[in-house]
Amino acid sequence: MVNTTDLQNEINAASKQIQQKQKTASPEQQLKHTLDLMMPEIQRALPKHMDADRIARIALTAVRNTPKLLETDSTSFLAALMQSSQLGLEPNTPLGQAYLIPYGKQTQFQIGYQGMLELAYRTHEYKVIYAKEVYANDEFSYELGLNPDLKHIPAQSPMGEPIGYYAVYNLINGGFMFEYWTKEKVELHASKFSKSKNNGPWKTNFDEMAKKTVLKSLLKYAPKSIEFSESISADETVKEEISNDMVHVRDVTETPEQIETKE
């Protein structure tokens, strides 16, 4: 792990170059120029199935749809973009796999519900994994204990807003488990733990984020590879440091002891 000095110098140099060429360069133009200059480094850091040109287009679309991203620290934005790309998740697209969210002067990376499913299926351990909303007029019941059981028959015409959410998985080896949260519990959890409760997908797509939250909780007790565990731990983080090869990023909330343990 190294400090962001070299990377930040490259970003600053890119901004100066475009400002020299065009005094009225917009923040979006500066971002585009930065991405163009760093394209080789970005491509080397990406998984083989990801293309740097597409990531650059996604980044520009993201800032056009959410202009406040241009007001965030450029290093945190680039780090969040790389975090999403290295996981093979396209941020801020209709796929709902991941999101880049402005949080003050920094960019937060957040996995979406579809992204969580994608990461789980890549482990090849899950035969079935999903989350669903529960409405007041659904036929719904569940039982815990030594013989857990869940039954859900959705109403043909859902009534009102969801009253709760559940997540289930069925492993290829036959194991299964589920978890149910009321809507009130989801809202309380989001208010307590999510920095972006009043921003991004929590505002525009609450049900998807609620399902992801319950699914993420359920997966704490599910079989996971080290890679899958690390992917989940990247959710809802802000990065301020990135290595020169653009592969390693560090969470600003990590303590020196946690960093030393990881390294």
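**Notebook: helix packing and a three-stranded sheet**

I looked up helix H6 (residues 113-121) and found its buried residues to be Tyr113, Gly115, Met116, Leu117, Leu119 and Ala120. The model is a predicted one. I then checked what these buried residues of H6 pack against: strand E2 (106-111), strand E3 (126-134), helix H9 (206-218) and helix H10 (226-233).

Next entry: the sheet that includes E3. I read 3 strands in an open sheet, ordered E3-E6-E7, with antiparallel pairing. E3 and strand E7 (176-182) are at the edges with a single partner strand each, so each has one side without a neighbour in the sheet. I noted an average twist of 10 degrees from one strand to the next.

I followed the pairing of strand E6 (residues 164-171) with E7 and got 7 bridges in the antiparallel sense. Which residue of E7 is the bridge partner of Tyr166? I found Tyr180 there. Helix H7 (residues 183-193) lies across E6 and E7, and I have its direction at about 80 degrees to E7.

Last entry: helix H2 (residues 27-37) against helix H4 (residues 52-65). I have their axes coming within 10 Å and crossing at roughly 165 degrees. Angles over 145 degrees count as roughly antiparallel, so I put H2 down as roughly antiparallel to H4. I recorded the crossing of H2 and H4 as right-handed. On the H2 side, the contact is made by Glu28, Leu31, Lys32 and Leu35; on the H4 side, by Ala56, Ala59, Leu60, Val63 and Arg64. Sorted by class, I have 6 nonpolar and 3 charged residues in this contact of H2 with H4, and no polar ones.

How values were computed
Residues are numbered from 1 along each chain as its sequence is written. This is a predicted model: local features need pLDDT of at least 70, side-chain atom pairs count only at pLDDT 80 or more; totals for chains, interfaces and linings use all residues. Side-chain values use heavy atoms; hydrogens and water are left out. Axes are lines fitted to C-alpha atoms, for helices over the stretch in contact, and angles run from 0 to 180 degrees between N-to-C directions. Helices (H or I, at least four residues) and strands (E, at least two) are DSSP runs, numbered from the N terminus. Angles under 35 degrees count as roughly parallel, over 145 as roughly antiparallel, 65 to 115 as roughly perpendicular and the rest as oblique. A crossing is left-handed if the near helix is turned anticlockwise from the far one by less than a right angle, and right-handed if clockwise. Contact means heavy atoms within 4.5 Å. Ala, Val, Leu, Ile, Met, Phe, Trp, Tyr, Cys and Pro count as nonpolar, Asp, Glu, Lys and Arg as charged, and the others, Gly among them, as polar. Buried means under 20% relative accessible area, exposed over 50%, partly exposed in between (1.4 Å probe, protein chains only). Two strands pair if DSSP finds at least two bridges between them.
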